[in-house]
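Colleague: I'm new to this structure and would love a close look at a single part of it. Please pick one and walk me through it slowly.

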Amino acid sequence: MTTSFGAPNAAIVKDPKLQIARSFSGLKNVSSLILLTKFPQASTPASNVGSATAIKAVSTPLKPDTSVEHKRSKVEIIKEHSNFIRYPLNEELLTDSPNVNEAATQIIKFHGSYQQYNRDERGTRSYSFMLRTKNPSGKVSNKLYLVMDDLADQFGIGTLRLTTRQTFQLHGVLKKDLKTVMSTIIKSMGSTLGACGDLNRNVLAPAAPFFRKDYLLAQKTAEDIAALLTPQSGFYYDMWVDGEQFLSAESPEVVKARKDNSHGTNFPNSPEPIYGTQFMPRKFKVAVTVPTDNSVDLFTNDIGVVVVSDADGEPQGFHIYVGGGMGRTHRLESTFPRLAEPLGYVPKDDILYAVKAIAVTQRENGRRDDRKYSRMKYLLSSWGIEKFRSVVEQYYGKKFKPCHELPDWEFKSYLGWHEQGDGGLFCGLHVDNGRIKGAMKTVLREIVEKYNLNLRITPNQNIILCDVRQAWKRPITTALAQGGLLQPRYVDPLNLTAMACPAFPLCPLAITEAERGIPDILKRIRAVFEKVGLKYNESVVIRITGCPNGCARPYMAELGLVGDGPNSYQIWLGGNQSQTSLAKAFKDKVKLHNLEGVLEPLFYHWKRKRLSKESFGDFTVRMGTDKLLEMVDKWEGIPLSTSRYNLKLFADKETFEAMDALARVQDKNAHQLAMEVIRHYVATHKKHMH
C-alpha cells in the first residue's frame, strides 16, 4: 500500500510496525516532527510507478535522503503550512488592504472564493471577490434564493451568475464585506465550502424534480457524496461564523463510510480523515445521473456515477466512470481534455466506499509537482484503466463487477413546462449564459417570493422552478414573459444549447471575451446559417471560453471557441449533441472578425454533403480535419449558380494574382474582392444612368 504523510497525526499502512507517531503543532514545519528517517514501502502496484508521475500526498518529503525528495508545487507548501486551510487568510482578512496576499488567495479558494480585479480598468487595480456556492444536484431553497438575490444587490454587482456546475456565482464582493456575505449564506443553510480549491467540487445530478425512484436516488447519492467529501476540520466555520457549526444533517451511511478505515484510506485522529493536511492534488469533480440523461455532461468529470435499475424500475447499483476532465494549456500537447471511461459496477450500498477509494487513489498518486498535470485524468492516462482499477480495488476492498450495457445518452435541457409525477409541475427557464439581471431578476424574485417556490440550477446555466401547482401555470408564464424569460419555442435554437464562461472583465485567467462576446457571435452564426440556406430550427452546440481551462466545456461542443489571444480563438470541431464525443482542435488563432471565413464554408458544405439527419459535429468527424481545412482554404464565397450566371472572373493569371494580393490585405480572397469591385462599379454607373 502506498503511504502518505498528509495526515497530521499518523500515516496509514497495513503493517502496524511501520506506523509513525506524529503530532501537528500549529504552523510549525511538519518535517521536523517526522520520527523516522526512512520509511519502507509495501510492494503494491501503486508503489511501482517508478516515475516522476508518482508524487505522493506527502506534506513534506522524507528528510535526509535527498534522492527521494520530490519537487512540490508552491500550492502544496501553502496548504501544508495553512493549519488546515486557515493561515494566512485569517490574518489577511484583518488588514485594511482591499486584497489578500498570494498564499491567502490560494487558501480562500477552499472557502469558495476567488480574488479578482476589473481588467477593463487601467491604473490601480480595484479588487473584489467572487463567491461560488455549493448546491449538490443544483438544489436551491426558497430562502437561499431570496438571500442570494439580496446579496447580489447589496454587496455584489447586481447580478447572479448560474454556473455549469449547478451553483451560483456572486461577483464583486469587497474584502470588507466578505464575512457579512459568507455568514449570511451560511445562516441561510447555504454554503460556499469547497466550491473552489483542491477538493471535491459541487456534485452534479439531473436538476429535473421528477418523482421517480432513479432520479430521486441520483439526487440523494449526489448529496451523500458531497457530504462524504466535505472537509471536517472546521476551518470554514472558524473563519466566517466564529466557529459556530451550521452543518446540515448527514445520513448515517455517510458518517459510517467516512469513518471506515478497514482498507487504509483514512488518516486516523486527523481533523481531516480523508483529506489530511494536503487535500487533493487539484480540483475533483463528480456527477451522478440516470441512464439516457446526460444533462450533467457525465464524461467530463473525474468520477461519473450512473444509477442502474432492474426491469421494475428498482435501483440496484451504479456504473462508475473515471478520468474525465476539460482543462488544458495552449501549445502544450501533453495537456488535453479527456473523456471518462468505465471502471465497473458496484451494488447500491457500496457507492460511497467506491467513490472514497477512487478519491484516495488520486490523493495518493496524483501529481503534486506540476499542477498542469495534477488532475486524475493524467493518472488514468499514465497508468491505464487496468492498473488504476486494481489500485482502487485495494482501497475499496472488493473487485468491481463489469459494467452492463446502457441505452444511448441524450442531452436533456428540461426547458419549458413538465409534469413532476407527483401532481406538481416544474418549469425550466432558459437564461442566456446563466446571467440573472435586470427585469428578469426582478420578475424571478417576485415569482419565487409570491408562490414560495424552491429552485434548481441546471448544468447548462439555466434554472428550474419546482413544485408549481397547475392553477399557477398561466399567471407564472405571463409574468416570466414580462421579464424576458420566454418559453423555449420563442428562443433562437442556437441560444438554447450555447454556453460561455464569464471571462472578461473579472476572470483573471481570461485571454479574450466569452460571455460578453457570445451574443454577437451567435447572431453572426445565425446570419451565416441564413446565407448558406440552413433552416431556423437547425442548430449546433456552440460553447465559448475565454481561456483553455474549459469551464463551459467547449471540448464537448460541435463548435467550440477557445480563447487563444486578444479577439482570437482556437476552433474545436466534432463534439455531438448528446455530449458523448470529444471535439478536436481544428484551427488556431482565428481572429474574431474572420469567423465567417471559417464557418461559412463549413456550414455550406454541411448543408450540401451531410447524410440524412447528420448533425454538424458528426459531419465534421466523418469529413476529417484535412478535408475540412481544404474546404476553408479553397473557399471563394458561396458559388453562383452556373445556370443563372456564367461568370468567369479571371481570364489571365496576372490579373488574378494582383487581385489576390490586394484581397489578402483585407482578409478576403480574390473572388470576394472582385465581386465587391463589380458590384460597386455597377451601383455607381446605375446612379449615373439615372
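Modeller: Happy to! Let's take an open sheet made of four strands, in the order β6-β7-β8-β9, with mixed pairing. Two strands count as paired if DSSP finds at least two bridges between them. Strands β6 (286-289) and β9 (341-347) form the edges, each pairing on one side only. Ignoring direction, neighbouring strands of this sheet are turned by 20° against each other on average.

Some notes before we go on. The model is predicted, so local features need pLDDT of at least 70 and side-chain atom pairs pLDDT 80 or more, while totals for chains, interfaces and linings use all residues. Residues are numbered from 1 along each chain as its sequence is written, and side-chain values use heavy atoms, without hydrogens and water. Helices (H or I, at least four residues) and strands (E, at least two) are DSSP runs numbered from the N terminus.

Back to the sheet. Strand β8 (residues 315-322) pairs with β9 in the antiparallel sense, over six bridges. To find this pairing on screen, look for Gly317, whose bridge partner in β9 is Pro347. Helix α9 packs on the sheet and touches β7 (303-309), β8 and β9. The direction of α9 makes about 10° with that of β8. Contact here means heavy atoms within 4.5 Å, and angles, from 0 to 180 degrees, are between the N-to-C directions of lines fitted to C-alpha atoms, for helices over the stretch in contact. Helix α11 (residues 385-396) lies across β8 and β9 as well, and runs at about 25° to β9.

Helix α9 (residues 351-365) also has a helix partner: its axis and that of helix α10 (residues 376-383) come within 10 Å and cross at roughly 85°. On the α9 side of this meeting are Ile358, Thr361, Gln362 and Asn365, and on the α10 side are Met376, Leu379 and Trp383.

Ile358 is a good residue to click on. Its contacts, leaving aside neighbours within four places in sequence, are Phe284, Ile303, Ile320, Val322, Leu343, Met376, Phe388 and Val392. Ile358 is also among the residues with the most contacts inside the largest nonpolar core, together with Tyr145, Ile320, Phe388, Leu465 and Ile476. That core has 115 residues. Such a core is a set of buried Ala, Val, Leu, Ile, Met, Phe, Trp, Tyr and Cys residues joined through side-chain atoms within 4.5 Å; buried means under 20% relative accessible area, exposed over 50% and partly exposed in between (1.4 Å probe, protein chains only). Apart from the largest core lies another one of 40 residues, including Ala503, Val532, Phe586 and Val632.

For a look further along the chain, there is an open sheet of five strands, in the order β15-β16-β17-β18-β19, again with mixed pairing. Its edges are β15 (499-500) and β19; each has a single partner strand, so one side of each has no neighbour in the sheet. Strands β16 (residues 542-545) and β17 run parallel and share four bridges, and Ile544 has Leu561 as its bridge partner in β17. Strand β17 (residues 559-565) then runs antiparallel to β18, with six bridges between them; one pair there is Val562 with Gln570 in β18. The hairpin of β17 and β18 has two residues between the strands, and Asn567 takes a positive phi near 50° in it.

Strand β18 (residues 568-573) is mostly covered, with six of its six residues buried. Ser568, Gln570 and Trp572 point one way, while Tyr569, Ile571 and Leu573 point the other way. On its way to the edge, β18 is joined by five bridges to strand β19 (residues 584-591), again antiparallel, and Ser568 stands opposite Lys591 in β19. Helix α15 (residues 518-532) lies across β15, β16, β17 and β18, running at about 145° to β16.

One more stop is Asn495, in helix α14 (residues 493-497). Its relative accessibility is 18%, so Asn495 counts as buried. Leaving aside neighbours within four places in sequence, Asn495 is in contact with His430, Asp432 and Leu522.

To set all this in the whole chain: there are 20 helices and 19 strands, and 58% of the 690 residues count as buried.
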